[in-house]
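Student: Could we go through this protein slowly, asking at each step what a term stands for and how a value fits it?

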Amino acid sequence: MDWPSRRTLTTAEQQAELLALLDRAAALKLNAVIFQVRPAADALYASRLEPWSEYLTGTQGKKPDPYWDPLEFAVREAHARHLELHAWFNPYRARFTGAKSPLAPSHIANTNPALVKRYGGYLWMDPGEPAVRHRTLRVVMDVVRRYDIDGVHIDDYFYPYPETDRRGRPLPFPDTRSWTRYRAEGGALPRDDWRRRNVDLLVQALHDSIHVAKPWVRFGISPFGIWRPGFPEQIRGFDAYAQLFADARKWLREGWLDYFTPQLYWPTTKAQQAYPVLLDWWAGENVHDRHLWPGNFTSRAGATGSGAFPVSELVEQIRVTRDQPRATGNVHFSMKSFLTNQARMNDTLVNGPYASLALPPATPWLKVPPPPVPTVAATSDGGGWQVQLSTRGRSAPWQWAVRLRTDTAWITMLLPGTASRWTTPKGMAASVLTVTALNRVGSESPPVTVSLESSSTSPTTGTRRSNGR
């Protein structure tokens with residue numbers, strides 16, 4: 001949908017488009033991007049487990065030429081812009097309805113066809129097959145171990161959304177083989193509960209395995225925004241619990257994730273799917289205080305047609321989110337509207353709620369070493385201040401957060417943890433400098449504050465030092 005714009009782009013054109021996306025995200029002061037790497041049992045990265053995606057070259061299984069690894073590139077360039085990169089996987093889909101090229105010989109539908117079912121216009125890996133769960137887990141963990149990603153993300157596709165035949169009759173999902181085997185082996189759950197358990201097992205296994213391999217990598221899920229109609233009472237709509245067999249409330253209440261992004265794709269004024277009502281209900285289910293970052297259908301803001309709403313509605317959704325104490329951010333779908341500045345939404349955001357940089361919320365329940373306390377020295381150089389950054393005999397932090405106090409506001413900037421020198425922006429008259437170190441889960445060290453003696457015309461020569469004591 002967002003990238004690449006065509007399957008026939010050259011490597012250089014694909015890279016340029018991806019850089020434009022990341023540049024736009026940084027310009028809007030976003031702090032993370034969610035990058036899809038496995039649309040349909042394929043890979044937008046170098047994988048020995050699954051074939052190259054047709055969305056890169058037009059032919060599934062064909063590697064880019066000239067060769068490059070989009071995920072490796074995206075991680076490096078996102079981090080250079082102080083953006084987190086979360087890798088987005090589809091756990092079960094094996095082929096889109098709009099796929100153009102033949103399946104590669106290494107695709108699971110060819111190597112293990114018993115695990116793959118045709119459903120409507122899709123191919124779908126059967127969640128009831130333990131081998132499917134193991135394969136998805138193996139694919140995700142391969143990426144976690146080999147790439148410096150900040151998070152793993154899965155969305156709302158578990159069992160497929162219901163399809164109908166030509167007469168409009170519902171099509172049952174063809175999992176009789178795996179269901180019959182489960183019953184023959186002594187399984188006692190009703191079929192719908194068994195299906196939900198199949199998904200639960202994958203969610204729990206992903207959560208546990210990711211944190212064993214890399215404790216700082218966050219695991220997030222973006223399910224359909226309604227758990228069940230009637231929860232809360234005024235809510236009506238699609239029943240993801242009964243039809244996708246996705247018990248999203250259970251995953252949140254069990255703490256099987258680090259961030260939860262229910263797709264609240266409706267306006268605040270739509271009573272039967274009201275954004276504030278659903279957000280408050282999910283906040284009440286967030287018993288472990290995990291990150292609650294609702295998903296917004298940003299592409300509908302300022303658009304035309306069914307479901308569209310004005311940009312002011314998007315701003316209102318952000319305000320509602322910020323007023324909910326147990327919600328700490330928003331996830332926008334998708335980047336395309338930001339690229340086109342649809343209905344001048346970018347201008348509205350950067351002059352409003354996104355005027356200042358916001359750090360990703362810390363994830364203190366993940367067990368990683370705390371950040372070191374900085375040692376800071378600031379020296380006037382006649383037009384600004386030269387700032388030296390270091391720590392006492394410890395490895396560099398993940399990032400430095402630098403805050404400058406001007407006449408009107410605090411301004412926050414991020415620097416890579418490898419930076420040892422930094423110069424304050426020319427012409428910025430700041431009176432106070434505060435520095436903290438951040439680790440990979442966003443925890444900040446105690447702040448170190450330095451008083452700056454300068455003016456816009458004749459800064460005072462001198463040095464100010466602090467080691468945080």
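Tutor: Let us start with a term: contact means heavy atoms within 4.5 Å. Among contacts in this protein between residues at least 6 apart in sequence, 69% join residues at least 24 apart. The model is a predicted one, in which local features need pLDDT of at least 70 and side-chain atom pairs count only at pLDDT 80 or more, whereas totals for chains, interfaces and linings use all residues. Residues are numbered from 1 along each chain as its sequence is written, and side-chain values use heavy atoms, with hydrogens and water left out.

Student: What makes the protein as compact as a globular protein of that length?

Tutor: The radius of gyration, taken over C-alpha atoms, is set against the globule rule, 2.2 Å times the number of residues to the power 0.38. For 469 residues the rule gives 23 Å and the protein has 24 Å, which is close, so the protein is as compact as a globular protein of that length.

Student: How many of the residues are buried?

Tutor: Buried means under 20% relative accessible area, with a 1.4 Å probe and protein chains only, and 52% of the 469 residues fall in that class.

Student: Where does pLDDT stay under 50?

Tutor: pLDDT is the predictor's confidence in each residue, from 0 to 100. The protein averages 94, and 97% of the residues score at least 70, but over residues 454-469 pLDDT stays under 50. Where pLDDT is low, the predicted coordinates should not be read in detail, and this caution applies to the 41 contacts beyond four places in sequence that the model has for residues 454-469.

Conventions:
Buried < 20%, exposed > 50% of the residue type's maximum accessible area, 1.4 Å probe, protein only.
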